[in-house]
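Student: Could you walk me through this one? I have not looked at it before and would like to go through it piece by piece.

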Amino acid sequence: MSFWSLMMADLKSIVTDKAIAITLFGGVLFYSVLYPLPYLNEVPTKQQIVVIDGDHSSLSRQLIRHADASPKLDVVGQLTTIDQAQQWVASGKAHGFMVIPENFRRDLIRQKGVTLAYGGDANYFLIYSAVVEGLMSVGIDAGKYVQFNGLLARGSSAKQVKHDLEPIKLNSVPAFNPSLGYTPYVVPGVLLLVLHQTLLIGAGILGAGQWGREGYWQQASALKLILARVAVFALIYSFFTCFYVGFCNYWYGVSVQGDLGQVVLFLVPFILCTAVAGVAFSCLFTRRDLPTQVLLLISMPILFVSGFIWPLELIPSPLVWLGQLVPAVSTIQGMLQLNQMGASWPSVVHFWWQLWGLASVYFVLAYFGVRYRLNKG
Amino acid sequence: MKQLIKRELNALWHDPWQLALVSYIPLVGIFGLWWLFSAGLPRQLPVAIVDQDQSQISRMLVRQLTANAAIIPIHYQDINSAKASMEKAETYAMVVLPFQLNRDLLTGHQPSIDIRYNSQYLLVGKLLSSQLQLSLADGLKRKALIKQLAAGVPMAQAEVNLNLVKTQISALYNANSNYVVFLLPPLLIALGQLLAMLVFANSLNRELRLNTMQEWFSLGTRRVLWAKILVYTPLIVLQGRLILTLLYQYLGLPLAGQFGQLLLAQIVMLLAVWLMVLAIFFLLQDSARVVSFCTALFAPAFPFMGITFPTQDMPKLAQWWRELMPSSHYIDTHVGLVSYGQSFATFTHQVMSYWGYLLLIPVIVFLARRVKRATHDVAAETRCNEAS
């Protein structure tokens, strides 16, 4: 059987096998919509809070108005006790509360310190941080407002007062994902993982359905079969990768800083390595319903050891080492640095070599695996 | 019935993968995920420092940063190398203490300290941004205090002047913002749901694989199904019990509600999962496709739970999809019981929210009948062929 007809036969069995076709073509399309779907609104805004106003003064009312005006907060009610506020939080009607103490305005004017208390539902960190950040900035502004007026009244100039209140400016700016959006945070990494997983599943089902049975795959040597299969999957996945890294990143507003040539160069060993690993992986199975199950169970761990959700410094090192064997891990790390964070080629080249290294290791495994499966059948 | 249960147990015993799914795979999975997040609190994250001033005050600020548990300052000589280290994710933020910081302060100018944080790694970036600002502001306050004292303000008054409005922040239900408390329960629930789905799908698929559909129907469709439910529900609830034991007994995370109700809620969730798997099984009737389809549905359950990203901020379509996932119904009960110690009335109300899954029952009955007819036809045909 010639190499070309072997490739065509492989392609035909991929496209006509419903289980593989659904995973590859359906899965890739379906996940490109489903995974980013919850995050499309990017940042949580207008979190409901309640206020316990013990002061009822002009200043406390101003504070409440400012809280309500903050893009992060939405004041949905005023209560009298903290217990009530906790009940609102428990029933989900509010996610946080602010307590304005008695004599808030009076104490401030008399230059006595006051304490504002904030509480937030820490079951949901994103909501909690929005509530706390919103309330903090409102509280700081209220304090500054009083100090500003007090100093002005004591005869300082407006310019001097401003300077006294803030002798050094802290200019804190997010880098790489300027909107702090959730889609640009999650999408680039997760989509690469989807490519990796669907390719492994596809190759796994294809192999598992063929070993031990009669067919075109037995008319070729192990080496030829591997090369043809890798070529077919690499071809299909070049299109999928273009769709994900090209179109989806653009569509979901992911910040892209990489140079096109370098990104393409980086993704070549990713596709090849994953395809070879897929063929090697398929030798482990003779039941077509197993590859999906194994990969499903290891998806979450792979995502986490990629280190962009939970920092690598905090992951136990044996797990990090284990992760180095998975092509998706070094790809996600390298691609985030190259394409999202604008790292130079020399600083990500070790990931690139690692992928080539993994590709050769998996190639050897694939060779022995396929030879074993073909001989056994 | 006893015999049917024996039949299921026998099938389980002779399927090594299925046996793995109910024994050591959950153990490894639960332990592995816990190990991953076992650090709990983010600390000692590398931050690039470019100190261009090298003055008493800039060194004081760096000491201030060193004292913060979340930060390890790493010194860089120039901004470019600090920037490169951020791009390589070697450091997650950078602080530039500008040239003549001290002099500008003394001569009444307003210098500015630049902080850049990696928001591509959103969790770490946001955390470092707030920690850096807190530490630096604290250091600067001390400087301002000395200035006030020098101007003749008494100590007590000077301190009040600086902290006119103090804040007290309480993180309710997770006092030290621990990621184990925050992330581990929903992650383990997502894992548990996946395992449950796989186990049940495998048990159904086995009938297809070994060609025993005919036998199933002749033994009584419903009775075999009940046997499967009776065998696998307790096994999966046992896994759930293990997760709860790890979280609330071994790790000692706070639990306001009652254990029993959590287990009851898990049983309801499992029944919903069973219904979904059954509908897909009778619809597709091919083991690989059943597993692939179920995987496609259940794999993204975690982001839709609404723990990491709030439900109310999701688009409508995502909120509808969320309703399809049994785990999203369960997580509401879980949070309610664990944190808020909710009443039994709320619990029953939440159980009612599963009503939509009941609509699957007529669908399953219809599809099962169709499959049964097809199996009979095939069987009759083979008999005819054999006879002729």
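Tutor: What follows goes from the contact between the chains to the sheets, and then to a few single residues. Please keep in mind throughout that this is a predicted model.

Student: Okay, how many residues of chain B are in contact with chain A?

Tutor: On the side of chain B there are 105 residues in contact, and they meet 107 residues of chain A. Between them the two chains bury about 9,300 Å², and 65% of that area is on carbon and sulfur atoms.

Student: Which three residues of chain B supply more of that buried area than any other three?

Tutor: Those are B:L36, B:Q120 and B:L164, which supply 9% of the area that chain B buries against chain A.

Student: And why give an area at all?

Tutor: The accessible area lost when the parts come together is often how the size of an interface is given.

Student: How many salt bridges are there between the two chains?

Tutor: Between chain B and chain A the count is one salt bridge. It joins A:R287 to B:D15, with the closest N and O atoms 3.3 Å apart. As for polar contacts, 37 residue pairs are found across the interface of chain B and chain A, counting pairs with both residues at pLDDT 80 or more.

Student: Which helix gives the most to chain B's side?

Tutor: That is helix 9 of chain B, residues 179-209, which gives twelve residues to the side that touches chain A. Taken as a whole, that side of chain B divides into 61 nonpolar, 30 polar and 14 charged residues.

Student: Now the sheets: what is the strand order in the one that ends with strand 5 of chain B?

Tutor: The order is 2(A)-1(A)-3(A)-4(A)-5(B), an open sheet of five strands with mixed pairing. At its edges are strand 2 of chain A, residues 73-79, and strand 5 of chain B, each of which pairs on one side only. From one strand to the next, the twist averages 25°.

Student: How does strand 5 of chain B pair with chain A there, parallel or antiparallel?

Tutor: Strand 5 of chain B, residues 165-172, pairs in the parallel sense with strand 4 of chain A, residues 114-121, over eight bridges. To pick out one position, A:G119 has B:S170 as its bridge partner. Elsewhere in this sheet, strand 1 of chain A, residues 47-53, is parallel to strand 2 of chain A over six bridges, and there A:V51 has A:Q78 as its bridge partner.

Student: What lies across that sheet?

Tutor: Helix 4 of chain A, residues 82-90, lies across strands 1, 2, 3 and 4 of chain A together with strand 5 of chain B, and it runs at about 165° to strand 3 of chain A. Helix 6 of chain A, residues 125-153, also lies across strands 1, 2, 3 and 4 of chain A together with strand 5 of chain B, running at about 170° to strand 5 of chain B.

Student: And what is the order in the sheet that starts with strand 5 of chain A?

Tutor: There the order is 5(A)-4(B)-3(B)-1(B)-2(B), again five strands in an open sheet with mixed pairing. The edges are strand 5 of chain A, residues 169-175, and strand 2 of chain B, residues 71-75. Within this sheet, strand 3 of chain B, residues 93-97, runs antiparallel to strand 4 of chain B, residues 112-118, with four bridges joining them. Helix 7 of chain B, residues 122-150, lies across strand 5 of chain A together with strands 1, 2, 3 and 4 of chain B, at about 160° to strand 4 of chain B.

Student: Back to salt bridges, how many does the structure hold over all chains?

Tutor: Over all chains there are 15. One of them joins A:R229 to A:D10, with the closest N and O atoms 3.0 Å apart. Since A:R229 lies in helix 9 of chain A and A:D10 in helix 1 of chain A, the pair ties together parts that are 219 residues apart in sequence.

Student: Last one, where does B:Q319 lie?

Tutor: B:Q319 lies in helix 14 of chain B, residues 316-324. A polar atom of its side chain is 3.1 Å from the backbone oxygen of B:M314. Leaving aside neighbours within four places in sequence, B:Q319 is in contact with B:T311, B:Q312 and B:M314.

Definitions and conventions
Residues numbered from 1 in each chain as written. Chains lettered and ligands numbered in written order. Predicted model: local features only at pLDDT ≥ 70, side-chain atom pairs only at ≥ 80, totals over all residues. Heavy atoms only, no water. Contact = heavy atoms within 4.5 Å. Buried area = accessible area lost by both parts, 1.4 Å probe. Salt bridge = Lys/Arg side-chain N within 4 Å of Asp/Glu carboxyl O. Polar contact = N/O pair within 3.5 Å; in protein donor to acceptor, adjacent residues only side chain to side chain. Helix = DSSP H or I, 4+ residues; strand = E, 2+ residues; numbered from the N terminus. Nonpolar A, V, L, I, M, F, W, Y, C, P; charged D, E, K, R; others polar. Pairing = 2+ DSSP bridges. Axes fitted to C-alpha atoms, helices over the stretch in contact; angles between N-to-C directions.
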